[in-house]
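Welcome! Please take a moment with the sequence and the 3D view below before reading on.

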Amino acid sequence: MDTSSVIWNYQKEIVEIYKKENLNSLCGIDLSYELNGKNILEWFHEVTHKNGAKRNLGSLYYELQTDLFTCSDEMIYFTAHLYLYKPFINNPLLDSVIFNGKEIFPNNQNLETKRYSMFADIVSQKTYNYWDRIGDLIATFYPEKFKSKNIYFSNSLDFIPADLQASPNYIWLKDFKETEYKELNQKRKQIVHYQTTNTEYIQRHLKTIHDRDSIERLQTLRESLPDYYKKQISLSITGFEKTLSLLGEINTLLF
């Protein structure tokens with residue numbers, strides 16, 4: 001079998017996971033670019049073209065749109081790999097042995113587990129990248145507010161006019177920022193600045209190697225990662241919809 005065939009057969013397996021787990025990106029796995037009956041290419045243009053014309057941001061909006069689509073595709077691709085490897089990761093509870101009269105639970109890590117942890121780290125960062133671009137998009141409507149500030153999703157909502165802070169779209173985004181996004185960013189900071197998913201698991205395992213209950217909790221947490229990022233994918237699509245709806249409301253005020 002040639003290399004190209006291997007690549008495409010592998011891709012078919014990933015697409016099957018998309019379908020089985022109902023993983024969908026902004027573009028759609030069928031490239032429909034449709035969200036709740038709206039063509040998102042047209043919708044994105046509708047809510048950005050006036051501000052883009054006023055501030056000469058046409059090329060920036062194209063770049064942001066492309067980045068959002070790319071990050072969304074990456075999120076489902078790497079999450080699918082978590083589902084691919086999950087059935088094959090090692091479980092210390094299944095490898096218990098008696099050593100010096102005590103039961104221990106060795107971490108006999110296999111290749112599948114290493115790959116699983118790698119993809120967990122990647123999808124965490126890609127999910128953060130996605131929301132960072134959402135923050136950049138919102139901030140384009142108030143660039144003067146960010147001249148001396150770095151733009152993050154976490155501060156992109158700080159300058160939404162009081163008139164719009166009762167908007168269901170703003171309320172959803174603010175609530176997400178203070179709950180799900182906060183947790184996501186804590187995970188991302190841990191991975192990027194302190195310990196990778198794999199290292200964290202190894203260290204926590206070594207501290208509780210004799211404790212069955214602790215190992216059970218640790219393993220449950222590790223096995224929950226695919227469903228956690230599946231939820232983040234769903235939130236990212238809802239968040240995109242809420243963002244475009246909010247920008248439409250901002251348009252009404254500005255133009």
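Here is a short tour, from the whole chain down to single residues.

## The whole chain

What you see is a predicted model. The protein chain contains 10 helices and 4 strands. Read from the N terminus, these elements follow the order α-β-β-α-α-β-β-α-α-α-α-α-α-α. The C-alpha trace spans about 75 × 45 × 30 Å along its principal axes.

How much of the chain is buried? Of the 255 residues, 42% are buried. Contacts can also be sorted by how far apart the partners sit in sequence. Among contacts with a separation of 6 or more, 74% join residues 24 or more positions apart.

## Surface and charge

The protein chain has an accessible surface of about 13,700 Å². Carbon and sulfur atoms account for 51% of that surface.

As for charge, there are 30 positive and 33 negative side chains. The centres of these two sets are 5 Å apart.

## Helix H2 and its kink

Helix H2 covers residues 40-55, which makes 16 residues. From its first C-alpha to its last, H2 reaches 22 Å, close to the 22 Å expected at 1.5 Å a residue. Even so, H2 has a kink of about 45°, and Thr48 is at its centre. Thr48 also belongs to the buried residues of the helix, together with Ile40, Trp43, Phe44, Val47, Asn51 and Gly52.

What do these buried residues pack against? Their partners include two strands, E1 (34-35) and E2 (38-39). They also pack against helix H3 (58-85), helix H4 (111-139) and helix H10 (225-254).

## Two asparagines with positive phi

Just after H2 comes a detail of the backbone. Asn56 sits in the loop between H2 and H3. Its phi is near 55°, a positive value in a residue that is not glycine. Is Asn56 buried or exposed? Asn56 counts as exposed because its relative accessibility is 69%, and the cut-off for exposed is over 50%.

Asn100 is another asparagine to look for, in the loop between strand E3 (97-99) and strand E4 (102-104). Asn100 has a positive phi of about 55°, although it is not a glycine. With a relative accessible area of 70%, Asn100 is exposed.

## Two buried residues and their neighbours

Now turn to Met75, which is part of helix H3. Met75 has a relative accessible area of 1%, so it is buried; the cut-off for buried is under 20%. Which residues does Met75 touch, leaving out those up to four places away in sequence? They are Val123, Lys126, Thr127, Tyr130, Gln232, Ile233 and Ser236. Leu23 is 52 residues from Met75 along the chain, and their C-alpha atoms are separated by 9.3 Å.

Ile89 lies in a loop, the one between H3 and E3. Ile89 is buried as well, because its relative accessible area is 10%. Not counting neighbours within four places in sequence, Ile89 is in contact with Asn110, Glu112, Thr113, Tyr116, Gln219, Arg222 and Glu223. One of these partners, Glu112, is 23 residues from Ile89 in sequence, while the C-alpha atoms of the pair are 5.5 Å apart in space.

Technical notes:
Residues numbered from 1 in each chain as written. Predicted model: local features only at pLDDT ≥ 70, side-chain atom pairs only at ≥ 80, totals over all residues. Heavy atoms only, no water. Buried < 20%, exposed > 50% of the residue type's maximum accessible area, 1.4 Å probe, protein only. Contact = heavy atoms within 4.5 Å. Areas by Shrake-Rupley, 256 points an atom, 1.4 Å probe, with all protein chains shown as cover. Lys, Arg positive; Asp, Glu negative; His and termini not counted. Charge placed at Lys NZ, Arg CZ, Asp CG, Glu CD. Expected span 1.5 Å × (residues − 1). Bend = angle between axes of the 7 residues up to and from the residue.
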